[in-house]
Structure formats: structure tokens, C-alpha cells
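Here are a few short exercises to help you find your way around. Have a look first, then work through each one with its solution.

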Amino acid sequence: MIIFGEINCFGFCLETSSIAHLVALFFVISIALLAASFIIKRPKQRLQTFVSAQVAVLLAIAATFYTMKCSEMLSFYLYLAYVGITGILIFGVVRFYDRLMIKRLDAKPAGNIMEWVQKFVNQLASATVYYYDSAAPRAFAAGRSIFVSIGLLEVLDDDELKAVLAHEAWHIRNNSRTPYLKQLAIMTFSSHKSSEIEELADSFAASIAGREALSSARNKVDKVFI
Amino acid sequence: MVKLDQINLSKDGLTKFFSPIEAEILRALWNEGEMMTSELTEKTSIPLTSIAGTLDRLVKAGYATRRVENISGRVRYIYSPAASEEEVANEITTKILDNLVDAFGPVALENFSKYSDKK
């Protein structure tokens, strides 16, 4: 088995290396930080500990890389690639996804056609509301933008629209946490239900616009707004 | 269906060329000229959830046009037919005749002249 050969080789190289204790230290720190990120409740600090844990793992890998004299490093290359890709996903794509959607949908600021919409969202989150040309009533959040179709603006009354906007604004406020939770779920192979996130967004929307407005908005929108 | 690549000869009238919902919307637009979405759902009694996607399709295929208007603080689509009933009939006829000539050549042409003689 190649993988056992690699582990043996890794152990051997580590024993003979002078910076073995450094590698061990980085691994211990990263595991401690990862454990801490599970316990900490506040989203921002949780994210920070999680990122630091990743950085510590990267440092440990870099030190191991330096120590290793053997060539079979496939598994470490793979992990490195994995960390790189997830890093790009979290901090790249998620951040610029809304720019992509604005272009694709040819979306325009909703403040142009309904002034109060942008003002209402400003009170809840720092996000821009865009509308796009479609009769199908739909709404979704991406990056720091909320997208609503003209069809949605047509069918909802003001209270219902407020409920939908509050729901999406909640997503924006927690977007920094959501992709991180999803990535954590992949890394730890635990299931993280997106319906839980939707429920949280709904209870926030209900507290802003009222439960009645929220449920009547849900009945009017053909695809459930996400 | 809107693109005329599926013609169903067993159906009646416009539904030979359009889906029933598309045909009803086009018929309403030709009769009324300009219509809001709410007027369309009322006139055709098709629920909004079914009509919305069809309206997007008709606009994309170029059979209807729409503009956005702000009517007393509310955003509304105003739909109008992109072409008159005659123009659409003309387009469909030309396209089918082209296809008949393309498929059967002289036989199709011979039948056209027989048909016009009969008339």
C-alpha cells in the first residue's frame, strides 16, 4: 500500500529532522483552534478561529514539506490543493458571485423603480437590492446583493415584499457564516441542513414584517424564495 | 412550441402552432392591445404561476413585448403584441410553405397552383 509507505516515510523523516517539534506544534495548535471553532458561539470569532486553524495546518504542511526527503508526497499535495480550492471558494467565488449574477440577469438597482425598497433593506443589512426582467416571482441573495424579479414586485403587496426582503437580508447578514458552515460540513463529513438556515431566515423575516405577511408571500411566490 | 418547430396538426386553430396557454395569451393581446399581468390572468383565467413562465417565453421568442411602469407606487409589466394577428399568420404560413417546398420540391409547388386554382 502506497499510503502506508508514505506514512512510514513521513515518520522516518520526522524522527531524523531537527524541526520535528515545530511540525508537531503547528499540528497541535491547528487541532486546538479547530476544536475551539466548534465551541465558540459568535459567528465572527468562530470564523476567525477556523481560518487560523487552516493557517496553522498550512504552516505545519509547509514545515513537513521542508523536512521530507522522500518524494511520495501525493497525499500532502492533495490536501494542499484542497485547502487552496476551498480557500478560493470561500473568499473568492462567494464574494464575487453577485457581480456575476448582475451581469447574467442584466439586473438594475431596485431603488430606481421603487425607492423605499432600498431604504428598507439599508436598515437591516448593508446590501444592494437589484431587480431583473422576469415575470416569474422569485427572490434570492448572493454576495452582498438581493435579487428580485419584476414578477415578484408585481404580485406582492408592501408587507409581503418586506417579509421577503427581510428574509434575504438575513442571508446577507449571515453569508459570512453560511459558506463557512457548509465547508465545515464537507470537511467533517457532518450533515448541515440548509432547511435550518431557511428557518432562521424565516423567523427573522416574521419578526420584521409579521408572520401573516410572510406566509401570504410564500403562497404567492411559485418557487420558494431561497 | 413558440419557435414553430413543433406543429401539431391534430389540434384546433392557433393551438396547432402554440401551446394552449400561449394561444390564449396571444388571442387576448390581439383583442385588447395593451394589458397588465393582472388583466391577463383575469381575461384568460389562467393562474399566475402558470402564466408567468409562458409570458417570459413569449417575450423572449419575440411574439410579445413588455415595458415596466410604476403605477401609483407599484411596479407593473404592460404587455403588448409584437406583431398583429395577420403578421403572425403570414410568418407561420411562409415558414410552413418554405418547409413543404424544401421537403417535396416540384410536387409541393404543383399543389400550391392547384390549390389557388380551386379557390
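**Exercise 1: a sheet in chain A**

V129(A) has I146(A), in strand 4 of chain A, as its bridge partner. This is a predicted model, so keep that in mind as you go.

Task: find how strand 2 and strand 4 of chain A run and how many bridges join them, then work out which strands stand at the edges.

Solution. Start with the pair: strand 2 (residues 128–132) and strand 4 (residues 145–149) of chain A run parallel, joined by 5 bridges. Next, place them in the open sheet of 4 strands, whose order is 1-2-4-3, with mixed pairing. Strand 1 (108–109) and strand 3 (139–142) of chain A each have a single partner strand, so they are the edges, and one side of each has no neighbour in the sheet.

**Exercise 2: the core**

Task: which residues touch the most other members of the largest nonpolar core, and which helix gives the largest share?

Solution. Among the 51 residues of this core, I146(A) and V148(A) touch the most other members. Helix 7 of chain A brings the largest share, 8 residues. That helix (residues 158–173) lies across strand 3 and strand 4 of chain A, at about 20 degrees to strand 3. Now follow V148(A): beyond its neighbours within four places in sequence, its contacts are A110(A), V129(A), Y131(A), A139(A) and L153(A).

**Exercise 3: where the chains touch**

Task: how many residues does each chain put into the contact, and which helix of chain B gives the most to its side?

Solution. Chain A and chain B put in 12 residues each. On the chain B side, helix 3 gives the most, with 6 residues. By type, that side has 6 nonpolar, 4 polar and 2 charged residues.

Note on methods:
Residues are numbered from 1 along each chain as its sequence is written. Chains are lettered from A and ligands numbered from 1 in the order in which they are written. This is a predicted model: local features need pLDDT of at least 70, side-chain atom pairs count only at pLDDT 80 or more; totals for chains, interfaces and linings use all residues. Two residues are in contact if their C-beta atoms, placed from the backbone, lie within 7 Å. Helices (H or I, at least four residues) and strands (E, at least two) are DSSP runs, numbered from the N terminus. Ala, Val, Leu, Ile, Met, Phe, Trp, Tyr, Cys and Pro count as nonpolar, Asp, Glu, Lys and Arg as charged, and the others, Gly among them, as polar. Two strands pair if DSSP finds at least two bridges between them. Axes are lines fitted to C-alpha atoms, for helices over the stretch in contact, and angles run from 0 to 180 degrees between N-to-C directions. A nonpolar core is a set of buried Ala, Val, Leu, Ile, Met, Phe, Trp, Tyr and Cys residues joined through C-beta atoms within 7 Å. A residue is buried if 20 or more other C-beta atoms lie within 10 Å of its own, exposed if 12 or fewer, and partly exposed in between; C-beta atoms are placed from the backbone.
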